[in-house]
Amino acid sequence: MTIYEKLQAMQEELKAPKSKYNDFGGFAYRSAEDMYQALKPLCRKYKTILYLTDSIVNVGDRYYIKATASITDMEGVENVIYSDGWAREALSKRGMDEAQVTGGASSYARKYALNGLFAIDDTKDSDSTNTHGKN
């Protein structure tokens, strides 16, 4: 299999349900850790390595965490596919020190890099929930 065929198979097989619940916001979500747990067996099965990196990027007067999620094929010549996710550091976050704010932005950016790479959709199709004015 090529790296693209492996990625397609992984995207089709991946099950990463939203197992966490935010009481304050009233919504279900999946954590980056949930995604890692779901991806590790698929990486073993398809002989790929998942690798995540972060960099800090200054844009104007704001700082962003740019996370890159990549898979490397351990068998093939075409060996790397990647996706980036971005998150802006909050100016301040109640109850969090600066390291925690950066860590939170990193987790968020990594989650969205993984969403992009593995075609994980966090939203419902608006047509599936829209009644088009009919009750």
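Partly exposed means a relative accessible area between the buried limit, under 20%, and the exposed limit, over 50%. The views below come from a predicted model.

**View 1. An aromatic pair in helix H3.** Tyr 112 has 31% relative accessibility, so Tyr 112 counts as partly exposed. Tyr 108 is also partly exposed, because its relative accessible area is 46%. Both residues lie in helix H3. They are four residues apart, about one turn of the helix. Their rings form a tilted aromatic pair. The ring centres are 4.7 Å apart, and the planes meet at 40 degrees. A search of the whole structure finds three aromatic pairs.

**View 2. The largest pocket.** Tyr 108 appears again here, as one of the residues nearest the pocket centre. Tyr 29, Gly 104, Ser 107 and Lys 111 are the others named there. The pocket has a volume of about 620 Å³. Its lining is made up of 22 residues. Strand E2 (27–29), H2 and H3 each give two or more residues to that lining. H3 supplies the largest share, seven residues. By type, the lining holds ten nonpolar, four polar and eight charged residues.

**View 3. The largest nonpolar core.** Nonpolar side chains tend to be buried together in soluble globular proteins. In this model, the largest nonpolar core has 28 residues. Leu 14, Ile 71, Leu 114, Leu 117 and Phe 118 touch the most other members. Two or more core residues come from each of helix H1 (3–13), helix H2 (32–46), strand E4 (62–73), strand E5 (80–88) and helix H3 (98–117). H2 gives the largest share, eight residues.

**View 4. Contacts of Phe 118.** Which residues does Phe 118 contact, leaving aside neighbours within four places in sequence? The contacts are Leu 7, Met 10, Gln 11, Leu 14, Leu 39, Leu 50 and Ile 71. Two of these partners, Leu 14 and Ile 71, are listed with Phe 118 among the core residues that touch the most other members.

**View 5. Met 74 in a loop.** Met 74 sits in the loop between E4 and E5. Is Met 74 buried or exposed? Met 74 is exposed, because its relative accessible area is 53% and the exposed class begins over 50%. Beyond neighbours within four places in sequence, Met 74 is in contact with Lys 47, Thr 48 and Ile 49. Thr 48 is 26 residues away along the chain. The C-alpha atoms of Met 74 and Thr 48 are separated by 5.5 Å.

Notes. Residues are numbered from 1 along each chain as its sequence is written. This is a predicted model: local features need pLDDT of at least 70, side-chain atom pairs count only at pLDDT 80 or more; totals for chains, interfaces and linings use all residues. Side-chain values use heavy atoms; hydrogens and water are left out. A nonpolar core is a set of buried Ala, Val, Leu, Ile, Met, Phe, Trp, Tyr and Cys residues joined through side-chain atoms within 4.5 Å. Buried means under 20% relative accessible area, exposed over 50%, partly exposed in between (1.4 Å probe, protein chains only). Contact means heavy atoms within 4.5 Å. On a 1 Å grid over the protein atoms alone, a cavity is a set of points where a 1.4 Å probe fits but cannot get out, and a pocket is an open set with protein on both sides within 12 Å along at least five of seven lines; lining residues have an atom within 4 Å of a point. Grid points are joined across faces, edges and corners, and a volume is the space filled by probe spheres set on the points. Ala, Val, Leu, Ile, Met, Phe, Trp, Tyr, Cys and Pro count as nonpolar, Asp, Glu, Lys and Arg as charged, and the others, Gly among them, as polar. Rings of Phe, Tyr and Trp (its six-membered ring) pair if their centres lie within 6.5 Å; planes under 30 degrees apart count as stacked, over 60 as edge-to-face and the rest as tilted.
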